[in-house]
Amino acid sequence: MTGSQLRQKYLNFFKSKNHKIIAPAPLVLKDDPSTLFTSSGMQPLIPHLLGAPHKDGKRLTNSQPCLRVQDIEEVGDNRHTTFFEMLGNWSLGDYFKKEQLPWIWEFVTKQLNLPKEKLYISVFEGDGSVKKDEESLKIWKSLRITDDHIFFYGVKKNWWSRTGTPSEMPEGEIGGPDSEIFFEFEEVLHDPKFGEKCHPNCDCGKFMEITNSVFIQYKKENGKLVELPQKNVDFGGGLERMLAAINNNPDVFKTDLFWPITEEIEKITGKKYSDEKNRSAIRIIADHIKASCFLISNGVIPSNKAQGYILRRLIRRASLKMKNLKGNLDPKDFQKIVGAIINIYKDDYFQDEGSFKEVIAQEITKFSNTLDKGMKLLEKVSPFDLFQSYGFPIELTEELYKEKGLKFDKSEFQKEFVSHQNLSRAQSTFKVVK
Ligand SMILES: [Zn+2]
């Protein structure tokens, strides 16, 4: 099954359950200054989960392109990516647990044919202020899931609110328990460095979360959680991860949403993905350039602030990895990688070639001019000067320091950054007064 087929299968399934397929939100939300990027399917729907009616009704579904910058450092392993798609379905005060859990179980076992013995369930175990999610447990049991496939977790793992655990939720905040399905990769062996016993939330990579049904059923009132009159369902499932489960291969870069990109990088660099020492760099280039294409298609251009800075950081980090792999930096190589990305998404997202190739090539040309100079100066000038005069994102300098085994002091950079800001502010004020 391809990513495109999986996306369509999911949307059709929920359409058959009377859901309206809604267009995904842009990656950069216009009216939300609180965040740089859309990072879940639920985020643009918050006003409706809080009670505002939605023009398309009470049952909604879509596949939402998402970007999570906080995961950037973790990209390089088999499952973390900055860009991903999240399959979502929502009930705005309509159906609840007894519909959602059997539906999603039907979808993964009947539509995707994932073997039941490889699926594990998590349920909220409750804490002092809020009771265990017995309702979900009862439903899972009625679906004949055996006790050894059901795991209970607390507020850290199986509770959702925008602000964290029940005790952290401010007055008026909504939240509730969630219930996930994990897929077990049998051939992955548990690594004892993550704990004595393996379990679905273990970080060793044996289990992968593929679905999460959030039940928004409480509101904080007078310091206590009270049941909401309008109970909502917010479902999210990672498209790439679900595909990895269907392939029974824990490497999301082996799915058709990534593999043609990694093959192109292999061709360009002459370095094999199967060789472990190349793998992380190839994954970083593939993920970062894909994310860059989606950002550019949303109107973002490289710059020194906000979304533009993240785009610059992604392109420059990918460039550095390319230089390490291949020995030189050629904008044409990236045009081939972009070609492979367009090919994957042309039917679903990229109707035309857009300006991806141009924007990325320009940024790489700009960066390669200063990269060699900067590399020579790495140990001679401060990280702030590298940032200010050579356009080295601070995170990149940090990474280069790490590679060279040098000690990196971020607070020193911040001090210089602040004093520079104060200086330019003083200068611009002076100009105005004059
Ligand atoms: Zn484990």
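Colleague: What makes Tyr10, Phe13, Phe14, Tyr95, Trp103, Phe107 and Phe235 a cluster?

Modeller: Ring pairs link them. Rings of Phe, Tyr and Trp (its six-membered ring) pair if their centres lie within 6.5 Å; planes under 30 degrees apart count as stacked, over 60 as edge-to-face and the rest as tilted. Keep in mind that this is a predicted model: local features need pLDDT of at least 70, side-chain atom pairs count only at pLDDT 80 or more, and totals for chains, interfaces and linings use all residues. Residues are numbered from 1 along each chain as its sequence is written, and side-chain values use heavy atoms, with hydrogens and water left out.

Colleague: How many aromatic pairs does that rule give?

Modeller: The count is 27 aromatic pairs. Take phenylalanine 294 and tyrosine 349: the ring centres are 5.5 Å apart and the planes make 70 degrees, so this pair is edge-to-face.

Colleague: Where in the chain do phenylalanine 294 and tyrosine 349 sit?

Modeller: Phenylalanine 294 is in helix H7 (residues 276-297), while tyrosine 349 is in the loop between helix H9 (331-345) and helix H10 (356-377). The two are 55 residues apart, so the pair links distant parts of the chain. Helices here are DSSP runs (H or I, at least four residues), numbered from the N terminus.

Colleague: Why is phenylalanine 294 called buried?

Modeller: Buried means under 20% relative accessible area, exposed over 50%, partly exposed in between (1.4 Å probe, protein chains only). Phenylalanine 294 has 3% relative accessibility, so it counts as buried.

Colleague: And why is the pair of phenylalanine 384 and phenylalanine 413 called tilted?

Modeller: Their rings lie 5.9 Å centre to centre with 55 degrees between the planes, and that angle is neither under 30 nor over 60, so the pair falls in the rest. Phenylalanine 384 lies in helix H11 (residues 383-390) and phenylalanine 413 in helix H13 (residues 410-433), so parts 29 residues apart in sequence are tied together. Phenylalanine 384, at 6% relative accessibility, is buried, and phenylalanine 413, at 8%, is buried too.

Colleague: How do you know that lysine 290 lies over the face of phenylalanine 258?

Modeller: A charge sits over a ring if NZ of Lys or CZ of Arg is within 6 Å of the ring centre and within 35 degrees of the ring normal. Lysine 290 is 3.6 Å from the ring centre of phenylalanine 258. Lysine 254 lies over the face of tryptophan 259 as well, at 5.4 Å.

Colleague: What makes aspartate 348 and arginine 7 a salt bridge?

Modeller: The term needs a side-chain nitrogen of Lys or Arg within 4 Å of a carboxyl oxygen of Asp or Glu. For aspartate 348 and arginine 7, the closest N and O atoms are 2.9 Å apart, so the pair qualifies.
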